[in-house]
Amino acid sequence: MYRIAIGSPAEAGQPDAIRAAFAEFFSMIIFVFAGEGSGMAYSKLTNNGPATPVGLIAASLSHAFGLFVAVSVGANHSGGHVNPAVTFGAFVGGNITLLRSILYWIAQLLGSVVACILLKSATGGMETSGFSLSPGVSVWNALIFEVVMTFGLVYTVYATAVDPKKGNVGIVAPIAIGFIVGANILVGGAFDGASMNPAVSFGPAVVTWQWTNHWVYWAGPFIGAAIAAIIYDNIFIGDDGHEPLSSSDF
């Protein structure tokens, strides 16, 4: 059953909605600065050397740790989405209105761009690493990777943060969300960079103005998020367990 809600235009001016958007903006800066910055640090340490398993592990850990913190600090105000695909999944499941989602998307994209600009300035002009497909990986291979990886991410978000039956999981949700992103980077990082997050791909693309195959990093995460939201909401939450939508929900 679909519970999509558009929302009222007045919602954009509500103090809690504005605070939530700012929370997403700053959480995204924290996440992208740590994740993208770790890749730039690796390039500096190796003098722009080739990718290695050690570099992949470092990227996995930095993104997992960064996302754990970013979700934790934003959770009380915005739900700690830190990802347009997570926001889209919440929207598809009826846990956030379309207008509030748009506020989140704008804040998330701006946060990613600002983080990349700050990184470029702080490193003396080093290029932020954009997402791209590895040799031998087609756009359809990458699309499948992004769909499946983002499905796992949003399914985890629903199970640990959205489901009314989750109980008092406290810090478990941010840890689980960070862990699944870190694990997916170990799987997909060598193939397409393992974005799972359109905003994370958007910031470097804007700063470097490289848009090759960029659509994959939007289509894959949004498709995976929608599938996860529909499956979890209908199978595990259902009509009886779904709480009424309010302006403060997730």
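Helix 7, residues 198-208, supplies four residues to the lining of the second largest pocket, the largest share of that lining. The model examined here is predicted. The second largest pocket holds about 190 Å³ of space. Its lining is made up of 15 residues, and those closest to the pocket centre are G130, F131, S132, T208 and Q210. By residue class, the lining of this pocket consists of nine polar residues, five nonpolar residues and one charged residue.

Helix 7 itself is mostly covered, with nine of its eleven residues buried. The buried positions in this helix are P198, A199, V200, S201, G203, P204, A205, V207 and T208. T208 is thus listed among the buried residues of helix 7 and also among the residues closest to the centre of the second largest pocket. The N-terminal end of helix 7 is capped by N197, from which a side-chain oxygen lies 3.0 Å from the backbone nitrogen of A199. Beyond the other end of the helix, W209 follows directly and takes a positive phi of about 55°.

Helix 3 was described in the same terms. This helix is mostly covered, as eight of its nine residues are buried. The buried set comprises P84, A85, V86, T87, G89, A90, F91 and V92. At the start of helix 3, the backbone nitrogen of A85 has a side-chain oxygen of N83 within 2.8 Å. Just after the helix, G94 adopts a positive phi of about 80°.

Within helix 3, T87 was considered individually. The relative accessibility of T87 is 0%, under the 20% limit, and T87 therefore counts as buried. When residues up to four places away in sequence are not counted, T87 touches H81, I96, S101, Y104, W105 and Q108.

G94 is located in the loop that runs between helix 3 (84-92) and helix 4 (98-122). Because its relative accessibility is 3%, G94 also counts as buried. In sequence, G94 and M40 are 54 residues apart, and their C-alpha atoms are separated by 38 Å.

A further threonine, T160, belongs to helix 5, which covers residues 139-162. T160 has a relative accessibility of 13% and so counts as buried. The side chain of T160 reaches the backbone oxygen of T156, at 2.7 Å. Residues three or four places apart in an α-helix point the same way, because the helix has 3.6 residues a turn. Over a longer range, T160 and G49 are separated by 111 residues in sequence and by 39 Å in space, C-alpha to C-alpha.

The structure was also compared with database annotation. An unreviewed UniProt entry lists residues 21-42, 54-75, 102-122, 142-162, 169-191 and 215-232 under "transmembrane region". Two of these spans were examined in the model. Residues 102-122 are 100% helix and 0% strand, and the C-alpha atoms at the two ends of the span lie 30 Å apart. For residues 215-232, the span is 94% helix and 0% strand, with a distance of 26 Å between the end C-alpha atoms.

Conventions:
Residues are numbered from 1 along each chain as its sequence is written. This is a predicted model: local features need pLDDT of at least 70, side-chain atom pairs count only at pLDDT 80 or more; totals for chains, interfaces and linings use all residues. Side-chain values use heavy atoms; hydrogens and water are left out. On a 1 Å grid over the protein atoms alone, a cavity is a set of points where a 1.4 Å probe fits but cannot get out, and a pocket is an open set with protein on both sides within 12 Å along at least five of seven lines; lining residues have an atom within 4 Å of a point. Grid points are joined across faces, edges and corners, and a volume is the space filled by probe spheres set on the points. Ala, Val, Leu, Ile, Met, Phe, Trp, Tyr, Cys and Pro count as nonpolar, Asp, Glu, Lys and Arg as charged, and the others, Gly among them, as polar. Buried means under 20% relative accessible area, exposed over 50%, partly exposed in between (1.4 Å probe, protein chains only). A polar contact is a pair of N or O atoms within 3.5 Å; within protein, one must be able to donate a hydrogen and the other to accept it, and residues adjacent in sequence count only if both atoms are side-chain atoms. Contact means heavy atoms within 4.5 Å. UniProt positions are given in the numbering used here, feature names are shortened, and annotations may be inferred rather than shown by experiment.
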